[in-house]
Structures are given as structure tokens and as C-alpha cells.
Amino acid sequence: MKRMFGNKRSIWQDKRAIILFIAPAFLLFTGILFVPILQVFYYSFTEYNALTKPKFVGLANYLELFRGDRTMRIALKNSMFFMVFSAVSQQLIGLALAVALSSVKRGKNFFKNVYFMPYVLSSAALGLLWAFLFNPRMGINQILAYFGVEGPMWLSSTSGIIVLPMWVIAFVSLWQYMGSTMMLYMAQISGISRDLFEAAKMDGASGLQVFRHMTLPLIKPMMVTTLSLNCIGSLKFFDLVYNMTQGGPNYNTEVLATHLYTQGFQYFKYGYASAISVVLLGMCLLVSLLINRGIKVQVYEC
Amino acid sequence: MKKKSVAMLLLLAMLASMLSACGLFDGMGETTTGAGDKKDGEVTEITWMFWDDLEATEDLITKGYKQVVDRFNEDYEGTYHCNVVTTNLEEYDTKLNALIAAKKTPDVFICNPGPNLTQYVEAGVAADLTEILTEQEKDWYEGFSGGIFEKVTYDGKIMAVPTNFAAACVFYNTEMFEAAGAEVPETYEELLEACEAIQAAGYTPISCSAGTAWCLSMVAGYLCDRVGGPDNLAKIANHEMEWTDPSFIKAGGLLAELSKYFQPTAAGDSNDQATAAFYNGEAAMLIQGSWVIGQINGNNPEFEEKCGVFQFPAVEGGADPNRMIVKTDNLVMSATTENQDAVIALMKYFTDEEAQKYTAEVGGKIPVIDDVKINYEVAPMQLSYVQEILANMSGTLGFYNESLDSVEAGDTFDNAMVDIFLGNATPEDAFQRVQEFYEKNVWK
């Protein structure tokens, strides 16, 4: 031991090695992450169309965003809905599937693959697939019509506080992403020592008791991870919305990311779009902070 | 020593992954390759961006464009080569804007007139073609029909070259009209009567897409013009008129009334689906630009015989009913292209007699050059109906959404019309929203 740390040529003292190892990651992160984020902060205070020089406008973008922008209100509402819906549904269904599959003896891998499959496929393709399924002229409504039921306008109805297309998209995203939550939970469950379960069984604990008093506390660290992933993922959500409704009809299914996209890439308002992305970044940071603070994690020796 | 080589190896691996990541981004643009570093004897490659797939399409105009590009590449083999980047129509603007923002503007691209073109002109993306047209290529310029450059001229500078033009009319299924005993309407009231009769006969009267907002907005634009025209748009631009003007509100009411006769899935149908519903005989009328002739005849050639055309009806007590919504397809040259000569050569191919003859005789759109002899025997029957209507035309207007201040203003108008259609807003509320947009962004 002494020799290893006492060695003058230890890697911790070799500055060249330190620089060599850190530089690639550091450069990469600086170049494609930190610098652009700082740029976005700057652009959010400007009027900028990417073709002429940015014009500094102070807080005007933010004021407009929160005071005048009707679409922003819809987008905020939809994004919040989306986050709550995914967080709750993913946690419940993902955990339930993980627990159920962990105790299944046969066909475990088969079902694991079945549930995980949508996660592997491209969102763009899935968005199109579901858009066709919910299209009034093909798919589900045609089947319903066969039974004499007139199906709703899945992707173009606009009534209610949360419009039907949002529920539809939320459902599709649940279907797509529950597999990943399930996998993460399964990994954590399989990490729990078998001895513990056996000991509990010998002490006469019922299946429910085992779940409630052993599995649940032991997988809590994973809850923080999955919940953060769910929430941030759904705040940033873009692809299914864009592929299924493009934020329409009449902005009713706009979420923060699609609003940002329209403002930036459709209307050339990059300054304004940057302001939206700053708000989005703030929300993501806030949510992950709340989750990490809110859930007390104890690490058990097991 | 061993440690060091491992470290080097890891470093190399990281660098490689970085480079491949960059390569990924490069691949996304799909634009010109080696445009700048041209050597003698090398082929000059240019990129043309277009809003339909040249290979997979059934649209006859698009097929004509494909022929033009093929002809160009063949004739100029070894000198010029045109690569085509295509998207579908809905994503075109987005993708083009992204390429422009990434400084990978295609050398030449198709563009709608109005704010769409305006934004590229104002941003300095579009090249000024005035000098090329009026001096260097005089013969070419003089071959164009009079007034065709009007909507693509900014402060006396010509910013685009039109390739064809189309007028919006009402296409109708003559068999259904006959079966329902409906007459070709000349007024809005008669249009409603025809709709009633067709509905009573068990057909869907009108096929329209509100899923693709501009389709609905075009109907709204016609109604606005028929009720309050012809100076509405100019007055709005100069703020001599409010969006809450009674004539707009009335037009909104008529739109709500007329939309009761749309197919039940209109809210969700895309433009293509609504058009297909018409040429597949599911609905009796389709209000569309005459570019749809190519689409109809390309997809269902048998429909040509039963397809009639009439002009959008008059509103009693309203304005001049002989005004038509017209629109050109335009080619814009990038201001930053390094291959002007190749681009001009390509543009000439789009407007030469062969291409223009095809435009009319096969595509059913109206040529932009005077010197082209159309054989109406072989041209789509609808084209001659459209030409007949055009003969009585007293004036033109652009699409409403393309005649407003910005792309966003056009979208605001479109969405307000969708709101009226969906019943989410009264005409008063919907136009109030457009009014607010103008107060905040345009009339400052």
C-alpha cells in the first residue's frame, strides 16, 4: 500500500495524465453543453433570427412569455399534466410490472422483452404508427365503426381542460417508456440478496408484507432515479407530440418543447425560443432538486 | 510504459467517438458536397430543395419537376449536377429554416409567395435576381407572362422566379350533383342550397381539411374577400381597418355555417386525405387551388371526366365575386450560393417551353411564359374550365395567410379560423385574437 501511494509516479501526481484523461470529456462537455447553455442564456435576452446580429431587448422575452403568450400557458399546462401523469403512471405500472416479473418463474425474459420493446424503437416511427392508429379514416375508429360505435376524434378533439389528444399522447408515451422504468426497478430488485427474502419467508411474512416492508424500502434509491428520469423526460418531451399532432389543433396540444421548436424554427424567433428553453431548463433543475430532497434515501446493507 | 499506452489508447477511443459524433451532425444536413472546393473538370453540384418526394409521388406537377431535374442532369452531365433534397409539405418550412440557420442553405429552393418569401428576403437569404434577369438574361426574362413577377418583387427587386401558377376554385363531382339534383351555385345562398340537396341525397357535400389549417383558411379567405373585399388586405396592412370589422365577423359566421356541410372527420383530416375523399367519390365538392388537378388526375385518372369546376360563389350584398385567389410556385436562389451559373441554368429548365407545356398539359397548372402552345385536347379537362373562369377574372388576391404580415400572423389567422370551425370560439372572439396579435406585433 505504502509503496503504491508513495510512488512519485502515481497517476494522481502525473499532471500530464490527469490532463490527458480529463481533457476529452472536458472539451466535449464544454463545447457541446456548457457553452451552448451559456449562449442560450444570452440569446434569451435578445431578439435574434440567426441571420442578422442579435439585438439586446432585456427581459422583454420573459415578460411576453409569462404575460402575453397564450400558447405558453397551454404549453405549461400540458407539460405539467404530462409530467404528473407520466410520473404517477410510470411509477405504478413500472414498479408493478417489475415486481410481478421478478417473481415469475417462466417466460420472464420473454415478457421483459415485450414490455421493453417499444422503448427500443424510434419515437418518430412510433409517433407515426400511433397517429395512423388514431386517424379517423383508418385504425381504431374504423374498428369501432364496425361495431356501430362512433369513435371520438382522438387527435383533434379540443374540449376539456386537458384535451383528449393530450391523454392519447400521454398514454402512448406510457406505453413506450414503462419498459425502461420496469427494467431499472428489476435491476434493483435483483440486487437484493435472496437470503433476505428467504429469511422473511421463514419468519412467516406474507407476499404483501415482504413487498411493503422489504422490497419497497430497499428499492427507494431507484425510485429517485426513475422519478427524476420520468419527470425530466416528460418536461422535455417532444417527439411523440410533434409526430402525432404538431401541437395542433390550434395550439391545444402544444408542450414546452414544441412551442420552443415552433417559435425558433418556424418563426425564426431564436431569442424568444431561447427564453422558453431557459424556463424549461429551470423547471427541470427544480424538479430534480425537489425529487432528490423530497425522497429520503437510506442505504441499507444487504 | 504500459500505463501510458493504455492511456493513449483510451484517449484515441474518446477522440474517435467525438469525431464520429460530429460526423453524425454533418450527415443531418444532406446538402451540397464539395460546393466550394471545385477544380477544373469537376462537376459543379447544386442542391435544390423541394416539398414533395420526387420518386414516391403521384402528383403530376412533382413528376414534371422530376423530369426537369433529370433533363438538366442529363444535358449538363459532366458540368453541373443537381441534387434534390425533399421533405413532405408539412415539414418543408421547418427543415428549410433549420438548414438556413445552420448556414447550409440549399443553392435553390421552392418557396411560397407572401411572408414566407418576405422573411427570406428580409433575412438576406434570397439572392436579388433583378440584374441577372433584366440585363444578363434578357431573352429569358422577356419570355415570362406580364405581371408574373409582381408578388415576388420587393422594392423593385425581383427575388424569385415563378415556375407555374394556380387559381383556387371549387371542384365538384358532376355525377353527385346530378344525382342530387343540385345546380352549380353562383351565390353563397345557392351554395348552401346545393349542400342541402347533396346531403339529402346521402352524400357529404364538401370535403375540407382543418387538420391542415391553410385548407380551411383558404375558404375563410375567399369568404372574407367576397364579403368585404377587395381592399381588405391592404387596409389591414396599413391599419385602416380592424380585424373586428363587421365584414370579417360576417365572413366568420358564414364559415361556421358552411362548415356544417364538411365531412365528419374534417377536423382531423390532412390536406391529402380531404383531397382523396373528393377524388374517391366520398364528397361532392372540394375548394382547392388548381394544383390539385395534377393530384386528382394522378391518383384517380377516371375521375377527370366527372370533375367540374366553378368559381367561388358571390356573397349577396358583398364585394366583387370575380376575384380569384392565385398563387405561384417560386424558385429562390440562395444569396450565398457559389454556383450562380448552375442555379440559373436549372431555373431556365424549369421555365423552358418543354417544362411549361408539361405544366399545363399534364399538370393542369397555368404556365408562366407566354410562348407556349397548349394543346387543350390532351390537357386535363379541368384546366380549360379554370382558364374559362380566369377569362372573367377581375382581380387577384393571395392566400389570406400568405398575405399577412408574417408567417406567424398567417398562422394566427389560420388557427383563428380553425377555432371558428371547431366551435371553440365565436367569430367575434376568433377575430379578436387576430386583432390582438396585430395590435401587439404589427401595428405597434
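**Entry 1: chain A**

I began with the secondary structure of chain A and counted 14 helices and two strands. I note here that the model is predicted. I then looked up the dimensions: the C-alpha trace of chain A spans about 70 × 60 × 30 Å along its principal axes. I checked the radius of gyration, which is 24 Å for chain A, whereas a compact globule of 302 residues would have a value near 19 Å. Buried residues account for 41% of the 302 residues in chain A. Of the contacts in chain A between residues at least 6 apart in sequence, I found that 68% join residues at least 24 apart.

For the surface of chain A, I recorded an accessible area of about 17400 Å², with 68% belonging to carbon and sulfur atoms. Chain A carries 25 positive and 11 negative side chains, and the centres of these two sets lie 7 Å apart.

**Entry 2: chain B**

I turned to chain B and found 18 helices and eleven strands. Its C-alpha atoms fill a box of roughly 90 × 55 × 45 Å along the principal axes. The radius of gyration of chain B is 24 Å, which agrees with the value near 22 Å for a compact globule of 444 residues. In chain B, 56% of the 444 residues are buried. Contacts in chain B with a separation of 6 or more come from residues 24 or more positions apart in 75% of cases.

The accessible surface of chain B comes to about 18700 Å², and 49% of this belongs to carbon and sulfur atoms. I also located the charges of chain B: the mean positions of the 28 positive and 71 negative ones are 10 Å apart.

**Entry 3: aromatic pairs**

I listed the ring pairs over all chains and obtained 60 aromatic pairs. One of them joins Phe268(A) and Tyr120(B) edge-to-face, at 6.3 Å centre to centre and with 85° between the planes. This pair crosses between chains: Phe268(A) is in the loop between helix 13 (256–266) and helix 14 (270–294) of chain A, and Tyr120(B) is in helix 4 (residues 115–122) of chain B. I noted that Phe268(A) and Tyr120(B) are buried.

Next I examined Tyr65(B) and Phe350(B), whose ring centres are 5.2 Å apart with planes at 75°, so this pair is edge-to-face. Because Tyr65(B) lies in helix 2 (residues 60–75) and Phe350(B) in helix 14 (residues 340–351) of chain B, the pair ties together parts 285 residues apart in sequence. Tyr65(B) and Phe350(B) are both buried.

Finally, I traced a cluster linked by ring pairs; among its members are Tyr42(A), Phe238(A), Phe268(A), Phe109(B) and Tyr120(B).

How values were computed: Residues numbered from 1 in each chain as written. Chains lettered and ligands numbered in written order. Predicted model: local features only at pLDDT ≥ 70, side-chain atom pairs only at ≥ 80, totals over all residues. Heavy atoms only, no water. Helix = DSSP H or I, 4+ residues; strand = E, 2+ residues; numbered from the N terminus. Rg over C-alpha atoms; globule rule 2.2 N^0.38 Å. Buried < 20%, exposed > 50% of the residue type's maximum accessible area, 1.4 Å probe, protein only. Contact = heavy atoms within 4.5 Å. Areas by Shrake-Rupley, 256 points an atom, 1.4 Å probe, with all protein chains shown as cover. Lys, Arg positive; Asp, Glu negative; His and termini not counted. Charge placed at Lys NZ, Arg CZ, Asp CG, Glu CD. Phe/Tyr/Trp six-rings, centres within 6.5 Å; stacked < 30°, edge-to-face > 60°.
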